[in-house]
Amino acid sequence: MKYLNSPSLGRALDRIEIVRQSLRWSSDLDRNGITKLLRQVGDLREEILMLSGIERYEQKLISITSHTEKSSAQRRQALMNRKFSFEGVFGENEKLLETLETVEKAAKTDMPVLIEGESGVGKELLSRVVHANSQRADLPFVSVNCGAISPNLLESELFGHVRGAFTGSVKDRKGKFEAADNGTIFLDEIGELPHESQVKMLRVLENGEIQRVGSDDLIRVNTRIVAATNRNLREMMKQGKFREDLYYRLSVISVTLPPLRERKDELDILTDYFCKEASEKMNCEPVRLSPRLRNFLLNYSYPGNIRELRNIIYRLVCLAEHSADLKHLPDAIRPEDADKPVEANEEKPLETIRKNAGILAQKSFLEGRLREAKGNVSALAKHLEMNRSYLSVLLSKNGIKPSEFRMQA
Ligand SMILES: Nc1ncnc2c1ncn2[C@@H]1O[C@H](COP(=O)(O)OP(=O)(O)OP(=O)(O)O)[C@@H](O)[C@H]1O
Ligand SMILES: [Mg+2]
């Protein structure tokens with residue numbers, strides 16, 4: 001394979017420099033010369049893409065091998081012990097821990113980080129985590145929402161402008177990149193960046209240079225880039241809406257924040273955190289959540305992710321006096337029987353509810369699999385990679401008789 005002979009980023013960079021110098025100093029490039037340079041640039045591009053792939057593969061391997069022996073509780077504790085700075089809470093969710101461990105390693109380098117995830121999952125919070133755990137922590141952190149600024153103002157916002165660059169530009173103005181010099185710039189909603197600005201962004205990433213709008217002068221900046229998006233950039237790349245070269249430059253380290261519905265094990269810890277935060281901010285007594293409300297919160301799907309959970313909790317704390325119940329939920333998600341008084345036997349402690357749900361889920365799982373195995377316990381044990389006698393005990397504990405499944409078959 002080609003990249004096995006040339007897997008060095010250093011060598012690729014040297015060759016880029018040679019191409020750059022050839023371009024800079026050649027005053028009369030003919031068609032042949034241009035074709036030759038284009039071919040070299042094409043080869044280099046391919047090589048860099050390969051290298052970026054290898055890097056990603058290696059990162060993945062490191063992250064898999066480094067935590068296979070540790071439990072998630074130990075991994076979480078290890079982050080705490082290393083004084084990992086995080087403005088919020090996190091539990092022991094495997095996917096989230098993997099993201100945080102990658103971010104911790106990436107933070108110490110100056111490499112660009114791309115944060116992907118649905119709306120409200122905590123991308124902005126994570127961008128601050130990258131900055132807070134980097135050597136730039138005491139230097140500026142500047143956030144720009146690429147989707148919120150009109151396309152014709154975006155470049156001046158990012159790169160600044162000189163006096164007279166456009167109507168109304170009465171004096172020189174620094175852009176966000178210069179404001180974030182030596183610090184970090186957070187480019188939120190990078191998927192909204194217009195095509196023309198994507199080219200200019202590429203130049204900052206490649207050369208660390210910007211050009212104020214209306215000026216030919218190049219200004220060097222040392223700004224670390226963290227970008228975020230809730231759009232599928234790979235898909236946009238395929239459709240020609242996002243430049244491939246920019247994508248690979250931005251995503252040297254890319255992490256994805258899982259949606260809340262895939263980290264329900266974090267729900268209790270987040271709920272308690274927001275309850276405390278809300279009562280402190282509103283200067284009111286902590287509110288107790290009724291077991292059926294907690295049960296609702298556990299089963300809800302949260303299309304708006306952590307932001308939605310936070311808003312719900314703030315509302316509950318604001319509306320409920322001491323004890324919050326279903327009736328305090330927003331109209332759009334409140335169950336129909338929310339006003340029904342709580343019956344004594346409904347007020348089961350959350351642990352009991354969870355335990356019962358677990359037992360039911362286990363029973364229906366075993367029944368389903370046994371049906372597929374036509375009541376053959378040995379075959380099922382093999383399929384589930386379980387000890388046969390343990391499986392028999394489990395079946396009888398759940399009141400499941402394999403013979404009945406043989407008859408059905
Ligand atoms: N782990 C966490 N602990 C505490 N609060 C959190 C956590 N994650 C997110 N939040 C809070 O949830 C809210 C949404 O987070 P954030 O704004 O970072 O999401 P986002 O992914 O950038 O959303 P959007 O895509 O809509 O811009 C914020 O108030 C943030 O402080
Ligand atoms: Mg955001």
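Biologist: A residue is near a molecule if its C-beta atom, placed from the backbone, lies within 6 Å of it. In this predicted model, which residues come nearest to ligand 1?

Modeller: The model is predicted. There are 16 residues around ligand 1. Those that come nearest are Gly 88, Ser 119, Gly 122, Lys 123 and Glu 124.

Biologist: Which elements give two or more residues to the shell around ligand 1?

Modeller: Two helices do so. They are α6 (123-132) and α14 (305-319).

Biologist: How many residues of the shell around ligand 1 are charged?

Modeller: By class, the shell has 6 nonpolar and 6 polar residues. The charged residues number 4.

Biologist: Between which domains does ligand 1 lie?

Modeller: The shell around ligand 1 draws residues from both of two domains. The ligand therefore lies between domain 2 (80-258) and domain 3 (261-346).

Biologist: In what order do the strands of the open sheet run?

Modeller: The protein has 18 helices and 9 strands. An open sheet is formed by 5 strands with parallel pairing. Their order is β2-β3-β6-β1-β7.

Biologist: Which are the edge strands?

Modeller: An edge strand of this sheet pairs on one side only. That applies to β2 (141-145) and β7 (253-256).

Biologist: By how many degrees are neighbouring strands of this sheet turned against each other on average?

Modeller: Direction is ignored for this angle. On average, the turn between neighbours is 20 degrees.

Biologist: What angle does the direction of helix α5 make with that of β7?

Modeller: Helix α5 (residues 94-107) packs on the sheet. The helix touches β1 (113-116) as well as β7. Its direction and that of β7 make about 155 degrees.

Biologist: Which residue of β6 stands opposite Phe 186?

Modeller: Strand β3 (residues 184-188) runs parallel to strand β6 (residues 224-229), and 4 bridges join them. Thr 184 stands opposite Arg 224 of β6. The residue opposite Phe 186 is Val 226.

Biologist: In β3, what is the bridge partner of Asn 145?

Modeller: Strands β2 and β3 run parallel and are joined by 5 bridges. For Asn 145, the partner in β3 is Asp 188.

Biologist: How many residues of β3 are buried?

Modeller: On one side of β3 the buried residues are Thr 184, Phe 186 and Asp 188, and on the other they are Ile 185 and Leu 187. The strand is largely enclosed by the rest of the structure, because the buried residues number 5 of the 5.

Biologist: Is Ala 228 buried or exposed?

Modeller: Ala 228 lies in strand β6. Its contacts, not counting residues up to four places away in sequence, are Ile 115, Lys 123, Glu 124, Ser 127, Asp 188 and Ile 190. A residue needs 20 or more other C-beta atoms within 10 Å to count as buried. Ala 228 has 26 of them, so its class is buried.

Biologist: How does Val 142 count, given its C-beta neighbours inside 10 Å?

Modeller: Val 142 lies in strand β2. Among the residues that Val 142 touches are Ala 179, Ile 185 and Phe 186. The buried class starts at 20 neighbours and the exposed class ends at 12. With 18 neighbours, Val 142 therefore counts as partly exposed.

Biologist: What distance separates the C-alpha atoms of Val 142 and Lys 176?

Modeller: Val 142 touches Lys 176. The two are 34 residues apart along the chain. Their C-alpha atoms are separated by 6.8 Å.

Technical notes:
Residues are numbered from 1 along each chain as its sequence is written. Chains are lettered from A and ligands numbered from 1 in the order in which they are written. This is a predicted model: local features need pLDDT of at least 70, side-chain atom pairs count only at pLDDT 80 or more; totals for chains, interfaces and linings use all residues. Two strands pair if DSSP finds at least two bridges between them. Axes are lines fitted to C-alpha atoms, for helices over the stretch in contact, and angles run from 0 to 180 degrees between N-to-C directions. Two residues are in contact if their C-beta atoms, placed from the backbone, lie within 7 Å. Ala, Val, Leu, Ile, Met, Phe, Trp, Tyr, Cys and Pro count as nonpolar, Asp, Glu, Lys and Arg as charged, and the others, Gly among them, as polar. Domain bounds come from an automatic or database domain assignment.
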